[in-house]
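Got the viewer open? Load the model, and let's walk through it stop by stop.

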Amino acid sequence: MPTRRAFIGQTAAFLGLAATGRQVSAASPAPLTAREAVVQLAPDSYPATSIWGYEGRAPGPAIRVLQGERVRRRVVNELPEPTSVHWHGIRVDNAMDGVSGLTQQAVPPGESFDYDFVAPDAGTYWYHAHNRSWVQVARGLHGPLIVEEAEPPEVDREETLVLDDWLLDPETALIDESFDHPMSMSHGGRIGNLITTNGRFDLSIPVARHMRLRLRLINASNARIFPLQITGLRGWTVALDGMPLAAPEPLEDVLVLAPAQRADLIVDVTAEAGETAHLVRIGNDDRPASQVAFPVSGSAAQTPRAAPAALPPNSVSGLGSLADARPLRLVMSGGAMGRMDSALLGGERLGFRDLAARGRFWAFNEMAEMTQTPLADLSIGEPVRLEIVNETVFPHAMHLHGMHFREIRDGRPVGPMRDTLLVAAQETREIGFVADNPGDWLFHCHMLSHAESGMMTWVRVT
Ligand code: C2O
Ligand code: CU
């Protein structure tokens with residue numbers, strides 16, 4: 001893998017070649033331009049909405065590669081402020097992780113940055129802005145990144161479904177600019193008033209009875225947790241956060257998709273022709289609403305199919321020996337109705353009100369900001385167990401960059417590898433991972449205004 005330095009060297013060499021007029025077009029990565037655009041998000045009776053999107057779309061274009069292939073993209077910044085792109089869930093080379101201020105400098109307006117990395121694991125991933133994310137992702141800067149298996153499961157149709165939640169002014173349909181509002185920072189994060197799938201509030205996908213679909217769900221919203229169900233469909237969860245489950249799990253109950261999490265479902269249409277199947281979202285008031293409608297016409301087959309097989313596993317390292325694992329602890333505190341009296345900011349201990357006045361509402365181990373020193377200095381290959389203690393009265397979706405983890409319960413790893421874990425209010429959970437990817441890796445809450453107001457730390461692997 002090239003280091004960032006070597007990579008810049010390559011780019012310079014490439015520019016040198018271009019200056020001499022030699023044919024090098026094949027070497028130039030496809031652009032992914034971040035720019036403003038106007039799209040119709042709200043129902044037609046409302047005005048259009050000005051967003052920021054990759055290629056002017058939200059979600060941005062789906063990037064698809066085969067497992068093991070390279071993703072090469074020139075991110076061109078046509079926004080009025082600096083940006084960078086993070087490839088969420090991909091075990092990338094640290095220099096390609098796209099975290100402004102940690103793994104690269106933010107790309108100024110009018111400039112570009114070439115991303116080039118291998119996608120080692122098949123699955124459903126996504127990309128999003130990682131500079132001022134609580135603003136830039138809310139404005140629409142995100143898109144799907146799909147890494148295909150060499151031998152994908154047999155389905156009649158595949159759909160990537162990007163769930164989003166927009167906070168719009170109800171009169172003008174413009175994006176509500178109150179990104180820093182203390183209320184959203186200190187409570188559940190920026191919760192919107194227009195929920196979309198693939199940029200539509202009323203997405204409808206025609207299907208036939210007994211059709212088998214693969215649904216790749218991505219929660220790209222800033223803070224909304226989606227409790228999901230299916231009707232008129234029989235389904236299985238086959239992967240979470242891109243990583244295959246050892247065995248498909250029948251989807252009979254509610255599937256909870258926290259911000260940044262993904263789920264791959266295989267669903268068979270059981271509704272009759274003339275009926276409509278749904279991906280259903282359970283609202284805050286416990287009432288179900290249609291997230292995606294699947295109107296049924298005709299029949300794709302005479303009989304239903306047998307249950308699907310598991311997806312081929314990715315070759316991620318296991319957890320190593322838990323007995324030898326380095327124990328770490330992360331205590332989350334703060335927020336409205338929390339009991340955080342004070343925390344450290346800029347080397348000073350401040351009371352909750354002073355912190356709030358500086359836009360800080362949360363702390364990790366009593367630090368209300370990203371610290372100069374990492375949460376842990378890990379040596380390459382070291383097994384780690386990390387206890388996450390949520391002392392707040394809000395749930396938090398904790399995301400580790402660069403490495404996947406498994407949950408540990410009663411001293412045993414459970415479930416698939418994941419990159420984002422939803423920790424409920426006042427709950428303690430434990431994760432384990434092997435520090436097998438060198439570099440500086442963020443560990444933060446993916447309720448993006450929480451990350452901005454104190455819930456961000458990092459680990460160093462050398
Ligand atoms: Cu998907 Cu640090 O983020
Ligand atoms: Cu949070």
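Start by selecting His142, which sits in strand 8 (residues 142-148); helices (H or I, at least four residues) and strands (E, at least two) are DSSP runs, numbered from the N terminus. His142 is buried, at 1% relative accessible area, where buried means under 20%, exposed over 50% and partly exposed in between (1.4 Å probe, protein chains only). Now show what surrounds His142: leaving aside neighbours within four places in sequence, its contacts include Tyr54, Pro59, Trp126, Asp164 and Ala220, a contact being heavy atoms within 4.5 Å.

A word on ground rules before moving on. This is a predicted model, in which local features need pLDDT of at least 70, side-chain atom pairs count only at pLDDT 80 or more, and totals for chains, interfaces and linings use all residues. Residues are numbered from 1 along each chain as its sequence is written, chains are lettered from A and ligands numbered from 1 in the order in which they are written, and side-chain values use heavy atoms, with hydrogens and water left out.

From His142, hop to one of its contacts, Pro59. Pro59 is in the loop between strand 2 (49-54) and strand 3 (63-66). Check the peptide bond leading into it: from Ala58 to Pro59 the bond is cis, with omega near 0 degrees. That's one to pause on, because most peptide bonds are trans.

Next, pick Leu228 in strand 13 (residues 226-231). Leu228 is another buried residue, with a relative accessible area of 1%. Draw a C-alpha to C-alpha distance to Val254: the two are 26 residues apart in sequence and 5.4 Å apart in space. Beyond four places in sequence, Leu228 also touches other residues, among them Leu163, Leu217, Leu279 and Arg281.

Then go to Pro259, in the loop between strand 16 (255-257) and strand 17 (262-269). Is Pro259 buried or exposed? Buried, with a relative accessible area of 0%. Its contacts beyond four places in sequence include Asn219, Arg224, Ala397, Thr420 and His446. Thr420 is 161 residues from Pro259 in sequence, yet their C-alpha atoms are 8.4 Å apart.

Two backbone oddities come next. Asp241 has phi near 50 degrees, positive in a residue other than glycine. Find Asp241 in the loop between strand 14 (233-240) and strand 15 (243-250), where it is buried at 0% relative accessibility. Asn365 also isn't a glycine and has a positive phi, about 45 degrees. Look for Asn365 in the loop between strand 23 (362-364) and strand 24 (376-378); this residue is partly exposed, at 31%.

Now zoom out and color by pLDDT, the predictor's confidence in each residue, from 0 to 100. The chain averages 93, and 94% of its residues reach 70 or more. Select residues 1-25 to see where pLDDT stays under 50; the model gives that stretch 19 contacts beyond four places in sequence.

Switch to cartoon for the last view: the chain has five helices and 32 strands. Its C-alpha trace spans about 65 × 65 × 55 Å along the principal axes. Buried residues make up 55% of the 462 in the chain. Finally, among contacts between residues at least 6 apart in sequence, 76% join residues at least 24 apart.
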